[in-house]
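Biologist: Please take a close look at the charged side chains of this protein, above all those that lie away from its surface. I should like each one described together with its surroundings, in terms that a first-year student can follow.

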Amino acid sequence: MNTPIRDFVRRYAASDPVRLHMPGHKGKPMLGCEALDITEIPGADVLYHAEGIIRASEENAAALFGSARTLYSVEGSSLCIRAMLQLAQQYARLCGKTPLVAAGRNAHRVFLEGAALLDLPIRWVGAGEELLSSAPVLSELEALFEEAEKPTAVYLTSPDYLGNELDLAPVAALCHANGALLLVDNAHGAYLKFLAPSRHPLDRGADLCCDSAHKTLPALTGCAYLHLSQDCPKALLSMAEQAMALFASTSPSYLLLQSLDALNPLLAGDYPARIRETAGELAQSKAALSAAGWELCGTEPLKLTLLPKPRGYTGEALAERLRKAGMVPEFADADHLVLMLTPETEGLSRVTDFFLRLPAREPITARPPKRSPAQTALTPREALLSPFETLPVERCLGRVLASPCVGCPPAVPIAVCGERLNEDALALFRWYGIRELAVVLGKNDDLHKN
């Protein structure tokens with residue numbers, strides 16, 4: 001499989017031209033990659049209006065993933081999520097319907113912010129006790145489609161941050177029977193396509209999905225895909241580039257485009273076999289850890305998520321021990337420890353031995369506070385675009401949340417902007433170490449106070 005983007009850039013760099021164009025480093029090394037860092041010069045094509053080398057490379061990726069169209073993102077899955085929402089809104093209007101998205105409550109904050117910017121109404125589903133895995137059950141979605149105002153799209157996260165995969169096929173069937181789109185945030189699962197059989201959302205009925213190539217494939221940070229399935233409404237295929245361009249920078253990184261381009265022959269070669277081999281090795285490690293008494297969660301084959309409290313540890317304490325031993329985890333909070341592996345990971349046996357040698361201690365029984373239904377005071381758009389002030393959590397009871405106030409990872413909002421904060425919500429913010437909140441500054445509040 002060819003690499004048209006990489007080949008063009010390398011030929012250009014080898015010609016050693018006088019660069020009278022951006023970027024300002026003119027190909028002179030400071031980091032060492034500058035010679036291959038170009039802008040949209042003639043022959044380099046134009047991202048989101050691709051007709052040349054970028055389009056050819058994207059078609060290579062589409063063939064690998066089995067999509068009708070795959071578009072590159074050099075701004076991560078965040079850009080793709082916003083574009084999916086724009087396409088869902090356009091689809092609803094093409095059908096003469098009022099846009100409405102039913103979304104799993106564990107959606108990434110980018111979903112919430114994108115919906116707010118587009119003024120796209122949301123119906124939250126799956127608001128269970130577990131913040132990071134609050135996915136809806138099928139009966140919840142079935143009930144929504146029985147209502148007068150039916151969703152025009154369903155948005156789900158699979159795999160979620162802890163490695164839980166959803167059964168997407170029945171959800172896809174429900175959506176399609178009701179003329180709705182299924183959108184899937186598959187940021188953590190690009191590699192699922194290359195298992196045997198594939199566990200990728202495109203092969204389980206998703207119409208649109210995003211993959212972060214950089215999370216689970218050997219690509220540079222920021223590399224991602226927006227996929228449109230073979231069964232996706234054809235009108236959306238011609239709108240996808242404009243939807244991406246609506247939110248994207250007009251100065252794409254050609255270093256990242258080359259990374260995506262170089263990935264294609266790798267995925268067309270022996271890399272899928274390496275993915276499957278690593279998944280098999282990790283399955284053996286998981287079995288050994290389970291047999292030793294460690295509690296695990298998630299079904300994702302290249303993610304190891306431990307629930308350490310029954311063993312007498314917090315996730316944060318284990319993360320600190322790992323770092324001191326020269327191993328850096330993906331994420332830890334009080335209740336979880338998340339490790340992400342790929343075929344590039346070295347030392348899986350070392351990781352396994354680390355946990356097997358840790359003695360069991362008295363179980364920790366403390367659990368996160370429970371969530372309770374919150375009153376909606378403003379739409380997410382109204383709240384997100386309102387003037388705000390930042391206050392300590394203790395002073396936010398009854399105030400309206402202006403911003404999700406959560407970092408990445410895991411970037412799952414504890415409360416939704418526009419909700420009036422109750423005691424349970426504040427307890428959750430404190431549990432996850434968030435001490436200050438952005439709350440809407442009302443017309444009766446003093447704009448000039450310190």
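**Charged side chains and their surroundings**

Modeller: K303 and E300 are both buried, a word used for residues with under 20% relative accessible area, whereas exposed means over 50% and partly exposed lies in between (1.4 Å probe, protein chains only). The model is a predicted one, in which local features need pLDDT of at least 70 and side-chain atom pairs count only at pLDDT 80 or more, while totals for chains, interfaces and linings use all residues. Residues are numbered from 1 along each chain as its sequence is written, and side-chain values rest on heavy atoms, with hydrogens and water left out.

The two buried residues are also partners. K303 and E300 form a salt bridge, and their closest N and O atoms are 3.6 Å apart. The term covers a side-chain nitrogen of Lys or Arg within 4 Å of a carboxyl oxygen of Asp or Glu.

Another lysine belongs to this part of the model. K286 is in contact with E300 and K303, and also with L296, P301 and L304, when its neighbours within four places in sequence are set aside; contact means heavy atoms within 4.5 Å. From its side chain, K286 reaches the backbone oxygen of E300 at 2.9 Å. This is a polar contact, a pair of N or O atoms within 3.5 Å; within protein, one must be able to donate a hydrogen and the other to accept it, and residues adjacent in sequence count only if both atoms are side-chain atoms. Thus E300 meets two lysines in two ways: with K303 in a salt bridge, and with the side chain of K286 through its own backbone oxygen. K286 belongs to helix α11, which covers residues 271–291. Helices (H or I, at least four residues) and strands (E, at least two) are DSSP runs, numbered from the N terminus. K286 counts as buried because its relative accessible area is 16%. The C-alpha atoms of K286 and L304 are separated by 7.5 Å, although the two residues are 18 places apart along the chain.

E34 presents a contrasting case. This residue is buried yet takes part in no salt bridge, and the nearest side chain of opposite charge, that of R19, is 9.1 Å away. For this purpose Lys and Arg are positive and Asp and Glu negative, with His and the chain ends not counted. The side chain of E34 does, however, reach the backbone nitrogen of G32, at 2.9 Å. Beyond residues up to four places away in sequence, E34 touches R19, H25, G27, K28 and P29. E34 is located in the loop between α1 (4–14) and α2 (53–65).

That loop has further features. P23 is found there too, and a cis peptide bond, with omega of about -5 degrees, joins M22 to P23. D16, another residue of the loop between α1 and α2, has phi near 50 degrees, a positive value in a residue other than glycine. D16 counts as exposed because its relative accessibility is 65%.

The whole structure holds 13 salt bridges, and some of them deserve a closer description. In one, R109 is paired with E113, the closest N and O atoms being 2.7 Å apart. Both residues belong to helix α4 (residues 109–118), where they are four residues apart, about one turn of the helix. E113 is classed as buried because its relative accessible area is 16%.

A further salt bridge brings together the side chains of D335 and R367, at 3.6 Å from N to O. This pair links distant parts of the chain, 32 residues apart: D335 is in the loop between β10 (331–332) and β11 (337–340), and R367 is in the loop between α13 (348–357) and β12 (375–376). D335 is buried, since its relative accessible area is 5%. R367, in turn, counts as exposed because its relative accessibility is 56%. Elsewhere, E58, R69 and E241 are joined in a network of salt bridges.

Two backbone details outside the charged groups complete the description. The peptide bond from S158 to P159 is cis, with omega near 0 degrees, and P159 lies in the loop between β4 (153–157) and α6 (168–177). A411 has a positive phi, near 65 degrees, in a residue other than glycine. A411 is placed in the loop between β13 (388–392) and β14 (419–420), and counts as buried because its relative accessibility is 1%.
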